[in-house]
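Hello,

Here is the structure I promised to pass on. Please open it first, then read my notes below.

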Amino acid sequence: MPSELFKVPTATVVESRKGIMLGARIADDGQWRFPKMDSIPMRFEQSILLFEDEHFYKHPGFNPISISKALWQNITTDKRRGGSTLTQQVIRLSRKNKQRNYAEKLIEIIQATRLEVGYSKKDILNFYASYAPFGGNVVGLETASWRYFGIPSEHLSWGQAAALAVLPNAPSLIFPGKNEVLLKQKRDRLLLKLFQKKIIDQTTYELALDEKLPGKPFPLPENAPHLTEKIRKEHKGERIMTTIDYTLQKKTNQISKTHYNRLS
């Protein structure tokens with residue numbers, strides 16, 4: 001295992017003193033990839049585990065039953081199935097999605113067990129949520145939440161969390177704004193499983209089914225552009241919490257805009 005699992009540039013994120021985003025600047029490689037998350041919201045965690053790896057907290061990094069089923073299906077049918085756990089997917093992401101074959105799968109399994117020894121299950125989930133692709137140049141849950149819904153991930157509803165949970169499975173195929181029928185089918189199947197497992201109640205399930213799918217990406221907040229640019233130069237790729245009062249900053253911006261319009 002490398003000493004540093006992910007060596008990739010990250011975006012610069014500037015927050016108010018209460019953690020509200022003031023602005024952000026894209027990473028040097030052109031990806032909207034926020035710095036690694038410390039934790040992930042409960043709704044997304046429940047959604048991603050049920051969709052990708054229901055036995056995540058029980059296996060040692062790989063699931064022999066899933067791998068056996070996938071191998072049998074690959075041998076006997078034309079359909080391809082991976083059988084990878086979330087831990088294996090973290091390894092694949094860190095290895096930059098090298099060619100998928102049986103030799104690479106074996107490397108993934110070995111490194112996945114080592115990842116399980118070196119990190120907690122929560123750490124591994126945070127790795128996945130921070131570096132999974134969500135379509136286009138959007139990488140990571142927090143970035144996807146801001147780009148597709150205009151809110152921090154902790155405010156995601158069940159419908160929104162389920163929609164984002166299915167995106168990393170096929171980010172190039174299920175891109176928000178395209179293939180919406182397929183995206184809705186996958187999201188709705190996940191919501192049904194959440195309901196059947198009694199993670200959500202019937203009212204929540206029915207309301208979530210009616211929620212809008214992510215569409216055209218939202219622009220990220222730009223509430224303190226000069227400060228954001230200054231921090232980008234001095235603390236590139238970091239998440240910086242400032243002493244700025246978000247409400248006061250918004251009021252100041254509005255006063256400045258009104259005065260500008262009057263002068264124009």
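A pocket, on a 1 Å grid over the protein atoms alone, is an open set of points where a 1.4 Å probe fits, with protein on both sides within 12 Å along at least five of seven lines. Its volume is the space filled by probe spheres set on the points. This is a predicted model: local features need pLDDT of at least 70, side-chain atom pairs count only at pLDDT 80 or more, and totals for linings use all residues. Residues are numbered from 1 along each chain, and side-chain values use heavy atoms, without hydrogens and water.

**Pocket.** The second largest pocket has a volume of about 440 Å³. It is lined by 19 residues, and the closest to its centre are Glu15, Gly19, Glu142, Glu154 and Arg239. β1 (12–15) and α6 (141–149) each give two or more residues to that lining.

**Helix pair.** Helix α3 (residues 86–94) packs against helix α4 (residues 102–118) at an angle of about 110°, and their axes are 8 Å apart. The two are therefore roughly perpendicular (65 to 115 degrees). In contact (heavy atoms within 4.5 Å) are residues including Val90 and Ile91 of α3 and Ile109 and Leu115 of α4.

**Enclosed helix.** How many residues of helix α7 (residues 158–166) are buried (under 20% relative accessible area, 1.4 Å probe, protein chains only)? The count is 9 of the 9, so α7 is largely enclosed by the rest of the structure. Among them are Trp158, Leu164 and Val166. The buried residues of α7 pack against α1 (42–52), α6, α8 (180–196) and α9 (202–209).

Best wishes

Definitions and conventions:
On a 1 Å grid over the protein atoms alone, a cavity is a set of points where a 1.4 Å probe fits but cannot get out, and a pocket is an open set with protein on both sides within 12 Å along at least five of seven lines; lining residues have an atom within 4 Å of a point. Helices (H or I, at least four residues) and strands (E, at least two) are DSSP runs, numbered from the N terminus. Axes are lines fitted to C-alpha atoms, for helices over the stretch in contact, and angles run from 0 to 180 degrees between N-to-C directions. Angles under 35 degrees count as roughly parallel, over 145 as roughly antiparallel, 65 to 115 as roughly perpendicular and the rest as oblique. Buried means under 20% relative accessible area, exposed over 50%, partly exposed in between (1.4 Å probe, protein chains only).
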